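Please look over the structure shown below before reading on. The report that follows takes up one helix, its charged side chains, and some features of the strands.

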Amino acid sequence: YNLENRPFFTGKPNEPGIKIRLNSQKEIVSSVVVVPPPITSTNKAINIVIIQEGVARLTRGEGVLIDLYDKENIEFSAPQYDATRGTVKETILGYYWGTGQEAVVPVYLFRGSAPDTETGNDLTFATIVSALPAEQ
């Protein structure tokens with residue numbers, strides 16, 4: 001999705017907005033569709049933090065890990081992961097909406113990779129950091 005020419009993320013940014021599971025007879029077993037809320041545009045300007053502050057927040061562990069996977073091992077799962085140990089390869093300013101949220105939030109999305117300490121496999125991660133200024 002795009003919102004005002006910026007990426008609009010819902011759920012996991014590396015996954016499609018629709019998932020369909022089929023059984024061995026190629027019959028639909030389940031489907032999930034991520035539908036963002038109706039978005040109303042306003043003329044209200046919102047300040048965001050500069051990218052350097054977004055990086056500082058990520059370094060301080062203030063980001064939310066929204067995706068982590070191992071291309072070599074699809075069964076991989078990690079209950080805890082420190083994004084500061086990885087290498088950021090891409091940063092995108094966009095918007096994020098998660099199920100249950102009342103409004104979209106401007107975010108910096110950091111994508112990168114990090115070695116798994118157990119297998120040595122290259123893990124790919126996506127972490128979002130709010131681009132909103134800290135509350136005064």
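What follows is a description of a predicted model, going from the helix to its salt bridges and then to the strands.

**The helix and its two faces**

Helix α1 spans residues 51-59, and within this helix Gly54, Arg57 and Leu58 are buried. These three residues lie on the same side of α1, because they cover an arc of only 100° around the axis. The cover over the buried residues of α1 includes the strands β6 (87-97), β7 (105-115) and β8 (122-130), whereas the face turned away from the buried side carries Gln52 and Thr59, which are exposed. Just after α1, Gly61 adopts a positive phi of about 80°.

**Salt bridges at the helix**

Side chains of opposite charge can pair when their charged atoms come close. A search of the whole structure finds 4 salt bridges, and the table lists some of them, including two that involve Glu53.

| Side chains | N to O distance |
|---|---|
| Glu53 and Arg57 | 3.1 Å |
| Glu53 and Arg60 | 3.1 Å |
| Arg60 and Glu62 | 2.7 Å |

Together, Glu53, Arg57, Arg60 and Glu62 are linked in a network of salt bridges. Why are Glu53 and Arg57 separated by about one helical turn? The two residues are 4 residues apart in helix α1, which means a separation of about one helical turn. As for accessibility, Arg57 counts as buried because its relative accessibility is 8%, under the 20% cut-off. Glu53, in contrast, is partly exposed, with a relative accessible area of 26%, and Glu62 is also partly exposed, with a relative accessible area of 44%.

**A nonpolar patch on the surface**

Turning to the strands, Ile18, Ile20, Leu22, Ile28 and Val33 make a nonpolar surface patch of about 490 Å². The strands β3 (18-22) and β4 (28-33) each supply at least two residues of this patch, and β3 gives the most, with 3 residues. Ile18, which lies in strand β3, counts as partly exposed, its relative accessibility being 46%.

**A buried threonine in β8**

Strand β8, one of the elements that cover the buried residues of α1, contains Thr124. Is Thr124 buried or exposed? With a relative accessible area of 15%, Thr124 is buried. When residues up to four places away in sequence are not counted, Thr124 touches Asp67, Leu68, Tyr69, Lys71, Gly112 and Ser113.

Technical notes. Residues numbered from 1 in each chain as written. Predicted model: local features only at pLDDT ≥ 70, side-chain atom pairs only at ≥ 80, totals over all residues. Heavy atoms only, no water. Buried < 20%, exposed > 50% of the residue type's maximum accessible area, 1.4 Å probe, protein only. Arc of directions from axis to C-beta. Contact = heavy atoms within 4.5 Å. Patch = residues over 30% accessible without salt bridge, like charges linked within 9 Å, V, L, I, M, F, W, Y side chains within 5 Å. Areas by Shrake-Rupley, 256 points an atom, 1.4 Å probe, with all protein chains shown as cover.
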